[in-house]
Amino acid sequence: MSGRVRVAAVQAEPKWLNLAAGVEQAIELIEAAADGGAQLVAFPETFLPGFPWWMWLNSVDWGEEFLARYLANALTAEGPELRAIAYAARRRGIHVSIGFAERSGREVYMSQAIVDADGEISIARKGEPTGLERTVFRGAADESLLVRDTALGRIGVLGGADHLRPALRARLQEEREQIHVAAWSGFTVYYGEGKEWGPELNTSASVRYAMDGATYVLAPVAVVPVAGWEVVDARLPDRRLLRGGGGVSRIFGPGGLELAPPLDEGTEGLLFADLDLSRGSRPVPVPRGGECRTPGGRIARREPARA
């Protein structure tokens, strides 16, 4: 394990409901991160094929239309899209954390994958999607933690609102991560709804995680200009349900300080920082429980750690 690790956090607009274009975009960002010297690149939650913001629209017809398209553009764990991402990671020698909608039969899960530089893949499904997310996504019956021992150090991932669940945060922090990916789908929907529901809440959750866990935190956020989605609420015509912009990606040190100037809000790009794992994180204990790994880019699901 190297003491210094260069990382990158993605801040980009997904290729909404276009899986092929989204995979191509993800590979381009992986290559750009590698060109910038990054050894790890982190993508937002459900970056493929984008977070289903239509959930906020008050139209049953829209919901049915989008749900069918969303299912058709979701990934499968053993499908060619995830293998293409694993191949890109292996070819460029970079670790990748990416959030995606995982299709299994007629069900869709909010999943996260860690792909290491050898192309090995580990996946975990979100156990408790939020109330609105459950209109699209199914919760995992067995909520596993996604933590990997890698050549860079011990990396863990949580998606979005899971950072507001104290018990889950505590479980993951017990795993003694050295690098944590706090993957956010974007903060667009909250604009104009009061500052307490804005990006500040989500960013503060990332900061607190860095401080409580004494770990580095990469917080990638999707850009969500919601072109074509900015719909007026039929009940309150003066109120728009979705607002343009999106969040801003961040990278924090174990003390909660930012390690790189953020990109402008709504700007697409990569945020880079250099981490010193020899100074800024907890020592790595002997791993508990089983973490299955398989060669050649095949799937390994991380089982829950048990006392």
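The exercises below go through a predicted model of one protein, each with a worked solution.

Residues are numbered from 1 along each chain as its sequence is written. In this predicted model, local features need pLDDT of at least 70, side-chain atom pairs count only at pLDDT 80 or more, totals for chains, interfaces and linings use all residues, and side-chain values use heavy atoms, with hydrogens and water left out.

**Exercise 1. Describe the protein as a whole: how many helices and strands are there, and what share of the residues is buried?**

Solution. Begin with the secondary structure, where helices (H or I, at least four residues) and strands (E, at least two) are DSSP runs numbered from the N terminus; the protein has 6 helices and 12 strands. Next take accessibility, where buried means under 20% relative accessible area, exposed over 50% and partly exposed in between, with a 1.4 Å probe and protein chains only; of the 307 residues, 56% count as buried. Finally turn to contacts, which are heavy atoms within 4.5 Å: among those between residues at least 6 apart in sequence, 70% join residues at least 24 apart.

**Exercise 2. Find the aromatic pairs, and state which geometry each one has.**

Solution. Rings of Phe, Tyr and Trp (its six-membered ring) pair if their centres lie within 6.5 Å, with planes under 30 degrees apart counted as stacked, over 60 as edge-to-face and the rest as tilted. By this rule there are 2 aromatic pairs. One of them joins Phe43 and Phe47, with 5.4 Å between centres and 55 degrees between the planes, and is therefore tilted. Phe43 is buried at 0% relative accessibility, and Phe47 is buried at 1%. Tyr70 and Phe137 form an edge-to-face pair, with 5.8 Å between centres and 80 degrees between the planes. This pair links distant parts of the chain, since Tyr70 belongs to helix α2 (residues 60-72) and Phe137 to the loop between β5 (121-125) and β6 (146-149), 67 residues apart. Tyr70 is buried, with a relative accessible area of 1%, and Phe137 is buried at 3%.

**Exercise 3. Place Lys126 in the chain, and decide whether Lys126 is buried or exposed.**

Solution. Lys126 is found in the loop between β5 and β6, and because its relative accessibility is 6%, Lys126 counts as buried. A polar contact is a pair of N or O atoms within 3.5 Å, where within protein one must be able to donate a hydrogen and the other to accept it, and residues adjacent in sequence count only if both atoms are side-chain atoms; the side chains of Lys126 and Glu133 make such a contact at 3.3 Å. Leaving aside neighbours within four places in sequence, Lys126 is in contact with residues including Glu45, Met110, Arg138 and Asp162. For contrast, Arg134 also sits in the loop between β5 and β6, but Arg134 is exposed, with a relative accessible area of 53%.

**Exercise 4. Work out where the buried residues of helix α3 lie around its axis.**

Solution. Helix α3 (residues 80-92) has 13 residues and reaches 18 Å from its first C-alpha to its last, close to the 18 Å expected (1.5 Å times one less than its number of residues). In α3, Leu82, Ile85, Ala86, Ala88 and Ala89 are buried. They lie on the same side of α3, because they cover an arc of only 155 degrees around the axis, the arc being that of the directions from the helix axis to the C-beta atoms. An α-helix has 3.6 residues a turn, so residues three or four places apart point the same way. After α3 comes Gly93, with a positive phi near 65 degrees.
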